[in-house]
Amino acid sequence: MIVIKNKSVRSALKIFLPFVVIPVLVILSATIFKGKQYLFISALIAFCSLLLFASGFEKKKTGSRRLVLVSAMTALCIVGRFIPFFKPITALTIITAIYLGPESGFLVGALSALLSNFYFGQGPWTAFQMLAWGMIGLVSGYLSAPLKKSRILLLVFGALSGILFSLIMDLWSVMWYAGEINLDLYKAGLITALPHTALYTVSNLVFLWFLAKPFGEKLERVKIKYGV
């Protein structure tokens, strides 16, 4: 487990990695690299996600224990992708971030996409999936306090997350097809993807409704018991 003790370095990594480095890598994968180096790019994003996770802790013991929980949630996300039509991966990423922090949420989202795609198929889309689910986890962690208090707000956020995922993946489709960001193609892609966006949204609502409370209670108990 990597430990980054310098507070200034940790703070810089928390901003620089998710909002600059990883998005740049994703854009480069679809433009300059034309999707040809997708495994290399995906591996770099995974490494950056681990660094981001490490930036959340000063003590090795705390980070190592939280990594065990993150690994378990990632495994559940991967298994969940085998469920037909409705996928719990976004809901589980949100729950992880709310109770384990934004860095944990980003790592679960990014690794779930990368690892599950060894079965579902790796490609230039993997980097965009890692960014989409990772950012959903990151934002969920930042909004953990209000999302814990209000179930309605949690469901609204879950619905918006489904839309955000579709927006990012439609961006990949346009950049892969045109090699650049073309607004006309993007608008057409958004309209075409409306049924999938609706499915993402409903799926998030269903799984957050049933899983948020029981998973949250268990994660809270584990955090208290083991000092995570």
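## Where H4 meets H6

Let's start with a pair of helices in this predicted model. Helix H4, residues 89–100, and helix H6, residues 125–142, have axes that come within 7 Å of each other and cross at roughly 35 degrees. The crossing of these two helices is right-handed.

Which residues of H4 and H6 meet? On the H4 side you will find Ile 89, Thr 90, Thr 93, Ile 94, Ala 97 and Ile 98. Their partners in H6 are Trp 133, Ile 136, Gly 137, Ser 140 and Gly 141. Sorted by class, this contact between H4 and H6 holds 6 nonpolar and 5 polar residues, with no charged ones.

## The largest pocket

Next, have a look at the largest pocket, which has a volume of about 380 Å³. It is lined by 16 residues, and the closest to its centre are Arg 81, Lys 87, Trp 133, Phe 165 and Tyr 200. Trp 133 is worth finding on screen: this H6 residue also takes part in the contact with H4.

Four elements each give two or more residues to the lining of the largest pocket: H4, H6, helix H8 (151–178) and helix H10 (194–226). The largest share, 5 residues, comes from H10. By class, the lining of this pocket is made up of 8 nonpolar, 6 polar and 2 charged residues.

## The second largest pocket

The second largest pocket holds about 160 Å³ of space. Its lining consists of Ile 95, Ile 98, Tyr 99, Leu 147, Lys 148, Ser 150, Arg 151, Leu 154, Leu 208, Trp 209, Ala 212 and Lys 213. Ile 98 may look familiar, as this H4 residue is also among those that meet H6.

Which elements give two or more residues to this second lining? They are H4, helix H7 (144–149), H8 and H10. Here too H10 supplies the largest share, with 4 residues. The lining of the second largest pocket divides into 8 nonpolar residues, 1 polar residue and 3 charged residues.

## The whole protein

Stepping back, the protein has 10 helices and 0 strands. Read along the sequence, its pattern is α-α-α-α-α-α-α-α-α-α. The radius of gyration is 17 Å, close to the 17 Å that the globule rule gives for 228 residues, so the protein is as compact as a globular protein of that length.

For a sense of the overall dimensions, the C-alpha atoms fill a box of roughly 50 × 40 × 30 Å, taken along the principal axes.

Definitions and conventions: Residues are numbered from 1 along each chain as its sequence is written. This is a predicted model: local features need pLDDT of at least 70, side-chain atom pairs count only at pLDDT 80 or more; totals for chains, interfaces and linings use all residues. Side-chain values use heavy atoms; hydrogens and water are left out. Axes are lines fitted to C-alpha atoms, for helices over the stretch in contact, and angles run from 0 to 180 degrees between N-to-C directions. A crossing is left-handed if the near helix is turned anticlockwise from the far one by less than a right angle, and right-handed if clockwise. Contact means heavy atoms within 4.5 Å. Ala, Val, Leu, Ile, Met, Phe, Trp, Tyr, Cys and Pro count as nonpolar, Asp, Glu, Lys and Arg as charged, and the others, Gly among them, as polar. On a 1 Å grid over the protein atoms alone, a cavity is a set of points where a 1.4 Å probe fits but cannot get out, and a pocket is an open set with protein on both sides within 12 Å along at least five of seven lines; lining residues have an atom within 4 Å of a point. Grid points are joined across faces, edges and corners, and a volume is the space filled by probe spheres set on the points. The radius of gyration is taken over C-alpha atoms; the globule rule is 2.2 Å times the number of residues to the power 0.38.
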